[in-house]
Structure formats: structure tokens, C-alpha cells
Amino acid sequence: MTAGGSSRSTQECGADQCANYTSTAAPFFRLGEEQRSAVLIVPGFGGWTDLYTDMGAALREQGHPEVAVVGVSTHEWLPHAFAGRSFTWYLLRVIAELDRLFERHKSVSVVAHSQGGVLALILLGSHLYDGKVYDGAAKVEGLVTLGAGFKSDENYPFSFLFATQENRSNEEPLPPNLPSGEADRIRKHSLAFTNYYYSNAAQLPGVRITCVSGCCQEKPWEGWGLEQVRNMIYSIYASLCYKVSLKHSRVVGDGVTPTCLATLPGASGQIVLPGVRHMNSFPFYGLPWYGSRDAVAVWDKCLR
């Protein structure tokens, strides 16, 4: 198994009911506490700032003094996909916004969506990534990840068209006894980098990490009514996404990330949200997602 590869069995990931997954996150915030943290929302790959408008509003309703979203647009992710850029350009924006919030409030929580949850580990960590150490853990009280896939086979469709290998340099020497090809993968794939250096939450001491995942089963479609066509689109899209991570689609998940891959080992807790989708955009626009008010009310209790 490669450093970035999935490690769960087909049987485990193919659970028939969302009830097979249990939520174990203990609330951190309780009603009556006077001080709440500022919140930094970290969009995932391909995400854009305005996607998180409703999430930010719901968090402000919960009493957070300031909620900021890292500024990014969808087209800015394309050079990474086509030219093999590292995520340094994005992490520099994240750390700048974190520094600003920390200077103003001293108490900051990070909410990281999708691949933003993986990149948040680099942000919090103390290992050189493409020539820079971010060491953000000293400024973050808690991290909540939303639909972050911490393992993946990265079996991307049409991968031969993309420069999937990152051009990174100036990182710590790796042990010479690593399995053949693993060192190369760690150097050229950010997911493999985080799997190697931050494979367990214990490697980021002092930060309370809660992993949130959606849990849906795609409905079979019969006939050609509007609802049936929508179900068909959901099912096809989710199947393609699940095959990227696991090379098969017999899983439950949020339509993008399989539920069984969305928890970092050693995390303080796991929250599973039945019926919640990965994002509020095509093909799931209008359906409950991590930023919906009811969903935010659940996982917000794990933030100061």
C-alpha cells in the first residue's frame, strides 16, 4: 500500500447503513460560556470563497466574534492540476489569514472542508513542506474537518492529462530504507506527505481535531421523472468520486468522500451526519450539506 493509499477493506467501506458508523465527538463548547473563538474556514480543492457564505453566517449566529474564509476562486486551482504546482501558494494565504485572526482574537479555530482538511495538517505541522514550515498549531485551538479524505488511491479519471506529480523542493531527508517508490510519492503528492508525517492526530499535539463526515446511500432510479434523473446524476457523480479513493463505489459517503476515509486516526472525535452532502453545488445544489444551519449547529459544539 502506498503512503497515500486507502487502507480500509471493501467490506468495511461498503457498510449498508449509515447507522454502522457512530459519532464519538464530545462537545467542547457549552451554552453559557462567554468567550467563543474566531473561525477560519479553509476551502477545499476547487472551492471558492462564496461557497461558504451560508456556513459563515450560521457560525456567526452561534456566537463566534469573527468568521473569515480564505480568499480563493475556482480557476486558481487549475495550475496545480495542469502544471504540478505544490499547494504553497494556497497555504501562504491560509497562514496570513490565520495570523490576522490570531492577532485580533488570540483564540482561533479552523474549519477545513474537503482537501482543505488535509492541507490543514500541513498548516498545523512543523515539518518542511516545499521549503516552508507553517507551525500553525501554536495559534489554533481546534480543527474541524468536513468531508476530508485522509486516505485515497488517487485513481483520478484521465490522470494522464494532468501533471499529478507536484514540483516540490527543500524538504527534510527521508529514511533510505523506505519501500521502493514511497519516498518519491511523498515528495510528489501532498496527500502522501501528510500520510507520512501526520498519519495520526497525536503528531499534532495541543490541537483538538474533530472529523465530520456525511453518510448517504444513493437511491436507485427507475423511470425518467425529474427526481429519478436527479438521483441518477447523484449516483453517477458519487460513484466516480468514490472510485478515485477506493477503486470501487460500493460505499456510503457524502457523494465525494467515503465515510470510512474521513476520520484521522487519533482524532478527538468523529461526527457522522446522515443525509448530508459534500457541497452545496452541482450536482448536490439545494441539498443538506456541511454548511447547512442544522449541520453547523451539530459540529460547532466541538469549537470553542
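Val39 stands opposite Val67 of strand E2 in this predicted model. Val39 is a convenient way into the fold, since strand E1 covers residues 38–42. E1 runs parallel to E2 and is joined to it by 3 bridges; two strands count as paired if DSSP finds at least two bridges between them. Helices (H or I, at least four residues) and strands (E, at least two) are DSSP runs, numbered from the N terminus.

Residues are numbered from 1 along each chain as its sequence is written. Local features need pLDDT of at least 70, side-chain atom pairs count only at pLDDT 80 or more, totals for chains, interfaces and linings use all residues, and side-chain values use heavy atoms, with hydrogens and water left out.

The wider picture is an open sheet of 6 strands with parallel pairing, ordered E2-E1-E3-E4-E5-E6. Its edge strands, E2 (67–69) and E6 (269–274), each pair on one side only. From one strand to the next, the twist averages 20 degrees.

Helices come next. Helix H2 (residues 53–61) lies across E1, E2, E3 (108–113) and E4 (142–146), at about 165 degrees to E1; axes are lines fitted to C-alpha atoms, for helices over the stretch in contact, and angles run from 0 to 180 degrees between N-to-C directions. Helix H5 (residues 115–124) packs on the sheet and touches E1, E3 and E4, contact meaning heavy atoms within 4.5 Å.

Helix H4 (residues 88–105) has buried residues (under 20% relative accessible area, 1.4 Å probe, protein chains only), including Trp89, Tyr90 and Leu98. Their cover includes E1, E2, E3 and H5. After H4 comes Lys106, with a positive phi near 70 degrees.

Key
Buried means under 20% relative accessible area, exposed over 50%, partly exposed in between (1.4 Å probe, protein chains only).
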